Amino acid sequence: MIGFPLFPEVASSIAQSVDVLFFFLTGVSAFFSILIFVLILFFAVRYRRREGRPPEQIREAFALEIAWTAIPFLITLIMFVWGSSLYIANARVPDQAMDIYVVGRQWMWKIQHPNGRREINELHVPLGQPVKLTLASQDVIHSFFIPAFRVKTDVVPGRYVTMWFEPTRAGEYHLFCAEYCGTYHSGMIGRVVVLQPEDFQKWLGGVTQEPPEQTGAKLFSDFNCVNCHATGARQRCPQLGGLYGSDVLLEDGNKVKFDETYIRESILDPNAKIVKGYPAVMPTFRGQLSEEQILDLIAYIRSLTPGPNTGVSK
Ligand code: CUA
């Protein structure tokens, strides 16, 4: 179809398999729709009202009933197994994926790379490298949608969501907000730029911005987190160094993974999950920190090694 593309470009590792599944589902739906309409027409003509005795009624057709139960069951089973395996593959982030943080707000996407490079409504990524996005919303629900990669996720306020993709073609692709989020929702668009790995490294180092863990370290001091979380005599709260990625034992005997979600919750709602052996003395920082500042704090806490930490430097 020259000049009239029906489909977005195929530019990620899962895009082809999503398309194949889509064609299968469309094919099955089309086949049965056509079959049903043809049969309606055929029966309407074949069994129309005529002179004489009406045709004899068939009360039981065992083979037919088995067939119209078993065949659709098998087809839906195929859809389920196929669809869920693709869903699982799409939900499981590869270990070596590179982390990028995204904050949606009315009406823009703010993106931050691990070295501190920030961009708005643009996302630069390297070719052939799995990328994991951690997304948060500053205000209302948005939806992060890259059609060429066949990935889309709702970005819900109050929690982190993740998505991942591996670009397989260099180029520029559309980035949309796919959830109505207010007056300028239609303007909440941007582009994804897939660069060759060496060009990406050049781009990444092109502008020096403060790495998020440094911004986070300042916040850690400015908001006096350091007063309680410092090591030594002043320590009243858990030490944070080296905790990231591990399991933390809670007061109620449960365990929770010390990850982005738990850190964010603990900053905004400190009493939700209290670490065993510590008093519930932390105040909430709800309304005082933006989503980006929380991400900076998380980057800082992630960067801490076990041992004394002061909140000023690593
Ligand atoms: Cu954000 Cu629509």
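**Close-up views of a predicted model**

**View 1. A hairpin joins E1 to E2 through two residues.** Welcome to the structure, which is a predicted model. Strand E1 covers residues 98-105, and its partner here, strand E2, covers residues 108-112. The two run antiparallel and share five bridges. To find your way along the pair, look for Tyr 101, whose bridge partner in E2 is Gln 112. Gly 104 is another good landmark, standing opposite Trp 109 of E2. Strand E1 is mostly covered, with seven of its eight residues buried. E2 has four of its five residues buried, so the rest of the structure largely encloses this strand.

**View 2. Strand E2 also forms a hairpin with strand E3.** E3 is made of residues 118-120. Three bridges hold E2 and E3 together in the antiparallel sense. Here Gln 112 appears again, this time opposite Arg 118 in E3. Five residues lie between the two strands, and in this turn Gly 116 has a positive phi of about 105°.

**View 3. Five strands line up in an open sheet.** Now step back to see the order E3-E2-E1-E5-E8, in which the pairing is mixed. Which strands stand at the edges? They are E3 and E8 (161-165), and each has a single partner strand, so one side of each has no neighbour in the sheet. From one strand to the next, the twist averages 25°. Where does the mixed pairing show up? E1 pairs with E2 in the antiparallel sense, whereas E1 and E5 pair in the parallel sense, over seven bridges. Within the parallel pair, Val 102 stands opposite Leu 135 of E5. As a general reminder, the strands of a sheet pair through backbone hydrogen bonds, either parallel or antiparallel.

**View 4. Leu 133 sits in strand E5.** The strand spans residues 131-137. Is Leu 133 buried or exposed? Leu 133 is buried, because its relative accessible area is 0%, below the 20% cut-off for buried residues. Look beyond its neighbours within four places in sequence and you will find Leu 133 in contact with Ile 100, Val 102, Leu 123, Phe 144, Val 161, Thr 162, Met 163 and Phe 165. One of these contacts, Val 161, is 28 residues away from Leu 133 along the chain, and the C-alpha atoms of the two are separated by 8.1 Å.

**View 5. Strands E6 and E7 make a hairpin with four residues between them.** Strand E6 takes in residues 142-146, and strand E7 takes in residues 151-155. They run antiparallel and are joined by five bridges. Ile 146 has Val 151 of E7 as its bridge partner. In the turn, look for Arg 150, which has a positive phi of about 60°. Which residues of E7 make up its covered face? That face consists of Val 151, Thr 153 and Val 155, while Lys 152 and Asp 154 form the uncovered one.

**View 6. Helix H6 is largely enclosed by the rest of the structure.** This helix is formed by residues 260-268, and seven of its nine residues are buried. The buried ones are Glu 260, Tyr 262, Ile 263, Arg 264, Ser 266, Ile 267 and Leu 268. What do these buried residues of H6 pack against? They pack against E1 and E5, and also against strand E12 (255-257) and helix H7 (291-303).

**View 7. Helices H1 and H2 pack with their axes 11 Å apart.** H1 includes residues 15-46 and H2 includes residues 62-91. Their angle is about 160°, so the two helices are roughly antiparallel to each other. The crossing is left-handed. On the H1 side, the contact is made by Ser 17, Val 18, Val 20, Leu 21, Phe 24, Leu 25, Val 28 and Phe 32. On the H2 side, Ile 75, Ile 78, Met 79, Trp 82, Gly 83 and Leu 86 take part. Sorted by class, this contact has twelve nonpolar residues, two polar ones and no charged ones.

Conventions: Residues are numbered from 1 along each chain as its sequence is written. This is a predicted model: local features need pLDDT of at least 70, side-chain atom pairs count only at pLDDT 80 or more; totals for chains, interfaces and linings use all residues. Side-chain values use heavy atoms; hydrogens and water are left out. Buried means under 20% relative accessible area, exposed over 50%, partly exposed in between (1.4 Å probe, protein chains only). Contact means heavy atoms within 4.5 Å. Axes are lines fitted to C-alpha atoms, for helices over the stretch in contact, and angles run from 0 to 180 degrees between N-to-C directions. Angles under 35 degrees count as roughly parallel, over 145 as roughly antiparallel, 65 to 115 as roughly perpendicular and the rest as oblique. A crossing is left-handed if the near helix is turned anticlockwise from the far one by less than a right angle, and right-handed if clockwise. Ala, Val, Leu, Ile, Met, Phe, Trp, Tyr, Cys and Pro count as nonpolar, Asp, Glu, Lys and Arg as charged, and the others, Gly among them, as polar. Two strands pair if DSSP finds at least two bridges between them.
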